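Me: Please take a close look at one helix and the aromatic residues around it. Keep it brisk.

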Amino acid sequence: MKMNGSHLHDAGHICVLKDASRCESLTEIANLTSADQFDAALAIHLYKGGRHLQGSRIPFGIIFGGTDINEDIRSEEKRRVMGAVLREARFAVAFTTEMKELAAAEWPSKKLTCHISLFFNTGIRTTPTETFDWYRFLQNADIPADTDDLRVFLLICGLRRVKDPLYLVDVFSDWHRKEPSVHLGIIGPAVDPLLTTEIKEKIKRAPGVHLLQEMPQDDLHAAMRRCFAVVNSSISEGMSAAILEAMDLNIPVLARNIPGNAAIIKHKDTGLLFSDPQEFVALSKSLMNDPIMEREIVTRAKDYVKKHHSWECERKAYQNLVLRLR
């Protein structure tokens, strides 16, 4: 999840966005917030963002990211740091009830000065490039555009272990050998260089699976709009923006059945949830062979996004969070 600075600018605040993963040291943010012009801070991700605010002179709040509660909590050192951050935070908010309950169980409110509460649902707004060249996209991906009944599945994720981008590669390649019209494209930033190298080597021996070049968000939305389905194979998720964007674009979603995905997808109602690679293929085939089911799923998914992931609701929620830091 990424913070949208325009929500706060529109309320008259001056907002500076910093990517914690690109900070060279823990003192970088501390030096920034020590300047007199800053009155408050919001951190997304309790560990990655929150640790930079320990000892801050200004009040701050925490928005859980997902992997902080689902993954980082397993590390004793990270858990210790996150607990220390929460003891200094003015508040902490989660996207799902399950995430809130996990955090509250680990850090009971009696041990904290802040309250862990449920936050708004992420606001979604897609802006696909109207001049996007789908055929050039296929050409660059080495996907034959003249294939009859071409079906392109897009797995959109940062290339890191928790996203498990290799989870479906073997079974999808086997499926492609039997049905050459199906292709899987994996696209996202190379967050983990070692894993990225593994993916490249694996794909060399996996026909039908393609590692695609990262692209601007507007172009990515346009590519999503032309693909058959968007895929999520993560081991852990907070709230996947790619899933919600696909729903907004009227594209069906097939997602791994994990709590974060199941919180926003109702199986066979707003999307399809799979528990293993073989079930992914079976569900994909059923979706391909049943256009009525596909149409009903994308219609309900679009309605769900409109109702629960409004851009305006997200804007108001961010503005209300800042008011709590006064």
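Reply: What follows is a walk through helix α7 and its aromatic contacts, then two further sites.

This is a predicted model. Start with the setting. UniProt, in an unreviewed entry, places the feature "domain: Glycosyl transferase family" at residues 149–302. That span is 45% helix and 18% strand. Its end C-alpha atoms lie 25 Å apart.

Now the helix. Helix α7 runs over residues 169–178. Its buried residues are Val169, Val171, Phe172, Ser173, Trp175 and His176. What covers them? The cover includes two helices, α8 (193–204) and α12 (277–289). It also includes the strands β5 (151–156), β6 (182–187) and β7 (209–212).

Next, the rings. The model holds nine aromatic pairs. One of them joins Phe172 and Trp175. Their ring centres are 5.2 Å apart, and the planes meet at 65 degrees. That angle makes the pair edge-to-face, because the class begins over 60 degrees. Both residues lie in α7, three residues apart, or about one turn of the helix. Phe172 and Trp175 are both buried.

Phe172 has a second partner, Phe280. Here the centres are 6.2 Å apart, with 40 degrees between the planes. This pair counts as tilted. Phe172 sits in helix α7 and Phe280 in helix α12, so the pair ties together parts that are 108 residues apart in sequence. Phe280 is buried, as is Phe172.

Which residues make up the aromatic cluster that holds Phe172? Phe153, Phe172, Trp175, Phe228, Phe274 and Phe280 form one cluster. A charged residue also meets this group. Arg151 lies over the face of Phe228, a cluster member. The distance from Arg151 to the ring centre is 5.0 Å.

A charge over a ring also appears at Phe91. The charged end of Arg324 sits over the Phe91 ring, 4.4 Å from its centre.

Last, a residue in another helix. Gln319 belongs to helix α14, which covers residues 311–323. Is Gln319 buried or exposed? Gln319 is buried, because its relative accessible area is 19% and the cut-off for buried is under 20%. Gln319 and Ala206 are 113 residues apart in sequence. In space, their C-alpha atoms are 47 Å apart.

To return to α7: Phe172 pairs with Trp175 within the helix, and with Phe280 in helix α12.

Methods: Residues numbered from 1 in each chain as written. Predicted model: local features only at pLDDT ≥ 70, side-chain atom pairs only at ≥ 80, totals over all residues. Heavy atoms only, no water. Helix = DSSP H or I, 4+ residues; strand = E, 2+ residues; numbered from the N terminus. Buried < 20%, exposed > 50% of the residue type's maximum accessible area, 1.4 Å probe, protein only. UniProt positions renumbered as here; feature names shortened; annotations may be inferred. Contact = heavy atoms within 4.5 Å. Phe/Tyr/Trp six-rings, centres within 6.5 Å; stacked < 30°, edge-to-face > 60°. Lys NZ or Arg CZ within 6 Å of the ring centre and 35° of its normal.
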